[in-house]
Amino acid sequence: MVPLVGSEGAGFNIVVRDRRWRLCVIVSPEDQLLLAVDDRGLREGQAYELGMRQRGWQTFVPLLRIWDAQFPLSDAGAASAARLVVAELQHRNVRSPGELRLTDISSGDQGQLDIPGLSIPPSEHADPASSAIAS
């Protein structure tokens, strides 16, 4: 995404209608690609933690009740992040991109974020000041 966002960085949340969790994607062009997923209301215990780690989540942040994972800004890092997003959506029983929406879209001062191939529209409740084109 770095060529799409330039030096400003970008971020958005992937949400599923009628479910109370979100998967955050943040790109810092000088630093890293960060994913975070809401963990509120989910099971706890060693088996649950093992499953999260096996899917690729690296760190649990108890205060925020999120799991996160960081990846380098490279083709390999982007591919690893994409695999984790898909694995998490499958684990949470998302069956179609049509169930997904984008919220909290930020693209620095650029004002518009165009992500070719994403196929996830902005939520009808998204902030009108932010915009995304997901083609």
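Let's start with Ala78, which sits in helix α3, the stretch covering residues 75–91 of this predicted model. Ala78 has a relative accessibility of 39%, so it counts as partly exposed: buried would need a value under 20%, and exposed a value over 50%. Set aside the neighbours within four places in sequence, and Ala78 is in contact with Leu33 and Pro72. Leu33 is 45 residues away from Ala78 along the chain, yet their C-alpha atoms are separated by just 7.6 Å.

Now slide along to Glu88, which is also part of α3. Here the relative accessibility is 0%, and therefore Glu88 counts as buried. If you skip residues up to four places away in sequence, Glu88 touches Leu23, Val37, Met52, Arg55 and Trp57.

Step back and look at α3 as a whole. With 17 residues at 1.5 Å a residue, the helix should span 24 Å, and its end C-alpha atoms are indeed 24 Å apart, so the two values agree. Which residues of α3 are buried? They are Gly77, Ala81, Leu84, Val85, Glu88 and Leu89. Look down the helix axis and these buried residues fall within an arc of 130°, which means that they line one face of α3. Turn to the face pointing away from that buried side and you'll find the exposed residues Asp75, Ala76, Arg83 and Gln90.

So what does the buried side of α3 pack against? Its partners are the strands β1 (10–16), β2 (22–28), β3 (32–38), β5 (66–71) and β6 (100–106), along with helix α2 (46–55). Just past the end of α3, Asn93 takes a positive phi of about 65°.

Helix α2 deserves a look of its own. Its buried residues are Tyr48, Gly51, Met52 and Arg55. Viewed down the axis of α2, they fall within an arc of 100°, so they too line one face of their helix. Two of these residues, Met52 and Arg55, are already familiar as contacts of Glu88. On the other side of α2, Gln46 and Gln54 are exposed.

What covers the buried residues of α2? The cover includes β3, β5 and α3. Both of those strands also turn up among the elements that the buried residues of α3 pack against. Just after α2 comes Gly56, with a positive phi of about 125°.

Technical notes: Residues numbered from 1 in each chain as written. Predicted model: local features only at pLDDT ≥ 70, side-chain atom pairs only at ≥ 80, totals over all residues. Heavy atoms only, no water. Helix = DSSP H or I, 4+ residues; strand = E, 2+ residues; numbered from the N terminus. Buried < 20%, exposed > 50% of the residue type's maximum accessible area, 1.4 Å probe, protein only. Contact = heavy atoms within 4.5 Å. Expected span 1.5 Å × (residues − 1). Arc of directions from axis to C-beta.
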